[in-house]
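Work through the exercises below with the model open. Try each task before reading its solution.

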Amino acid sequence: MADTTTLTAPKAADDGARWRSRGRSRRSTRTVRAVTSAVIVAAVALAVLIVPPVAQLDQQAVDLALKLQPPSLDHPFGTDDVGRDLLLRCVYGLRVSLLVGLVAALVATVIGTAVGAAAAAFGGWTDRIVMRLVDTFSSVPHLLLGIFIVAMFRPGVWPVIVSVALTHWLSTARIVRSEVLSLRSRPYVDAAVSGGSSRWRITVRHLLPGVLPQAGLAAVLMVPHAMWHESALSFLGLGLPSHQASLGNLVQTARGSLLAGDWWPTLFPGLFLIVPTLAIAGLAGVWRERINPRRRSELML
Amino acid sequence: MSRRLPWGAMARMTGRRLLFAAPVLLVVTFGVFAVAAASPFDPVKAYAGTAGLTASQETLDQLRANLGVDQALVPRWWEWLTSAVTGDLGESGVMRRPVAEVITERLGWSLLLATTAFLLAILLGTALGVAAARRPGGLLDRCVSTVAYTLEAAPVFWLGLLAIWFFALRLDVLPAGGLTDSGSDIVTFGQVTSHLVLPAAVLGVSQSPWFYLYVRQGVADALEEDPVRGARARGLSERTVLLGHAWRSGMLPMLTLIGSRVPELITGALLIETVFSWPGIAAATVEAATSVDFPLLAALTVLATAAVLLGNLLSDLLYGLADPRVGFDG
């Protein structure tokens, strides 16, 4: 990265705005962005892990006298239509969403890595058939497939996780396959082959470790995707049951009060989805720059 | 732009893609039936409702045969497929009407919404992308990029709800949903237009960040390439350089995006139509799913898959037209 900085630096002498180097101005906010993202992710993790066991507050505590209070000092996010504190509800909702997202992303990454690595390692007909199947799978819109699966197996945590995982392994499989294909032509793999290693040993010992950084990056980026997917399903009434309210459920139940003009029960759950997503994407961008410095880092969702 | 269009090559590519689409659709329909067969859900019980609790086993068996669910997976799938080819997609349980009728009635409204939104997304994304690429790192670039990243992360149903709150409740300038005002049943042009604005705008704006980021990147990269340097050296105006050289080559990556955004567009339409009670096909999908209406759900899944394949074809055709080096081999 340092090389490109010095290469583009001389242009700074030319102070015409149109020739200003893109790289430098971008780099100036990079550390700030990375630190902010890290702080937000840490805050989210702390809130989700520590608040429920430590704070001993009942998120379901109903107080009809305090229903639909706008944001105030007592209730920073206001209260919902039966007087529950929205900040607490959002933290619990984020906990559920994050859990579903993490598990689904993990499952999807394992499936995707296994399928992609197998396709690339075997090659030939296996590769062709598997990749055709991946193409077929990916021509069904994700949410529609998810809706279909959840509709066929009643709403619940597991159908949602399964549907998110089943629709999201495709991109990982493609990434892993192309990475493995490019690694396979490296000399150290040839060396292993002539050393007499079996196909299995080469795949597990030499190829998979090489693709793990890429697969890990895809997995991290998949967490917000999975959360988004889960909240869309929950919003449509096809996701989690309402006693395990996720962020999508919160937005769904707030529709009534929104139409009465109260915006805060809708706004804050959405923000709880956006801010962690951006923070995770920011961290993933830093990571990508480390493993692949030649490509200019962009936030990618 | 007076060169003749390569109709022959385009037709060949379309034909090849249609041939390829047939097995994909076969696999998708089979997968849909396999998932339904694996599900614990019993269509007979759902059809009979509470009456099914007291009905005799004989009646239930009769009902099972009538609904065609007494057969094994493969014959059921084959029967559905053969009748689907003749246009008979079965009977929708939740609408109590033939599936084909439901689809033909609602497809137009969905197409209207989706096309308007897609065009809006492309136009908005391209315009802002070119403007931002002129000065990378400038004020406009930073502001719009920040908004774009936020929009990428924002769930579209949430945007829709906030838009309803702001425009329909706070400002009271646009209707909150539906196709016509609640009082009237007659669909007039003016009414549909005013009801279309909000859902199409939300869907379009939520799709535009991807176009914006692609165009911005493409144009910014093109601005550093030799043809642009040459054009600047010849003393062409900045406007010609930007629109005539950089824009045209920077648009190429965006054309591939058109095809790959179709699934996301359908996803967005599913949510937006539900939020705005738009009487389209995507809202019907959600209804069909909540009441486990298998014939309708199966038909709509296949329809969406066909739409995605069509979008891919369109995008490849456009790419081949725009970049003669690529050709129509795919």
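**Exercise 1. Describe the fold of chain A.**

Task: list the order of elements in chain A, from the N terminus on.

Solution. The model is predicted. Read chain A from its N terminus: the elements run α-α-α-α-α-α-α-α-α-α-α-α. Next, count by type. Chain A has 12 helices and 0 strands. Then turn to burial. Of the 301 residues in chain A, 40% are buried. Finally, take the contacts in chain A with a separation of 6 or more: 65% of them join residues 24 or more positions apart.

**Exercise 2. Check the annotated segments.**

Task: which residues of chain A does UniProt list for "transmembrane region", and what is the secondary structure of residues 31-51 and 267-287?

Solution. Start with the record. The unreviewed UniProt entry lists residues 31-51, 96-122, 129-151 and 267-287 of chain A as "transmembrane region". Now inspect two of these stretches in the model. Residues 31-51 of chain A are 100% helix and 0% strand. Their end C-alpha atoms lie 29 Å apart. Residues 267-287 of chain A are also 100% helix and 0% strand. Here the end C-alpha atoms lie 31 Å apart.

**Exercise 3. Characterise a helix pair.**

Task: at what angle do H4(A) and H9(A) pack, and how far apart are their axes?

Solution. Locate the partners first. H4(A) covers residues 86-122, and H9(A) covers residues 199-235. The packing angle is about 145 degrees, with the axes 7 Å apart. Next, assign the hand: the crossing of H4(A) and H9(A) is right-handed. Last, sort the contact residues by class. The contact of H4(A) with H9(A) has 18 nonpolar, 6 polar and 2 charged residues.

**Exercise 4. Dissect the interface.**

Task: how many residues does each chain give to the contact, and which helix of chain A supplies the largest share?

Solution. Count both sides. Chain A gives 40 residues and chain B gives 42 residues. Now map the side of chain A that touches chain B onto its helices. H2 (22-28), H6 (142-152), H9, H11 (255-259) and H12 (264-291) each supply at least two residues. The largest share, 8 residues, comes from H6(A). By class, this side of chain A has 25 nonpolar, 10 polar and 5 charged residues.

**Exercise 5. Test a helix length.**

Task: what span should H5 of chain B have at 1.5 Å a residue?

Solution. H5(B) has 13 residues, 73-85. The expected span is 1.5 Å times one less than the number of residues, so H5(B) should span 18 Å. Compare with the model: the end C-alpha atoms of H5(B) are 18 Å apart, which agrees. Then look past the helix. B:Gly87 follows H5(B), and its phi is positive, near 100 degrees.

Terms used: Residues are numbered from 1 along each chain as its sequence is written. Chains are lettered from A and ligands numbered from 1 in the order in which they are written. This is a predicted model: local features need pLDDT of at least 70, side-chain atom pairs count only at pLDDT 80 or more; totals for chains, interfaces and linings use all residues. Helices (H or I, at least four residues) and strands (E, at least two) are DSSP runs, numbered from the N terminus. UniProt positions are given in the numbering used here, feature names are shortened, and annotations may be inferred rather than shown by experiment. Axes are lines fitted to C-alpha atoms, for helices over the stretch in contact, and angles run from 0 to 180 degrees between N-to-C directions. A crossing is left-handed if the near helix is turned anticlockwise from the far one by less than a right angle, and right-handed if clockwise. Ala, Val, Leu, Ile, Met, Phe, Trp, Tyr, Cys and Pro count as nonpolar, Asp, Glu, Lys and Arg as charged, and the others, Gly among them, as polar. Two residues are in contact if their C-beta atoms, placed from the backbone, lie within 7 Å. A residue is buried if 20 or more other C-beta atoms lie within 10 Å of its own, exposed if 12 or fewer, and partly exposed in between; C-beta atoms are placed from the backbone.
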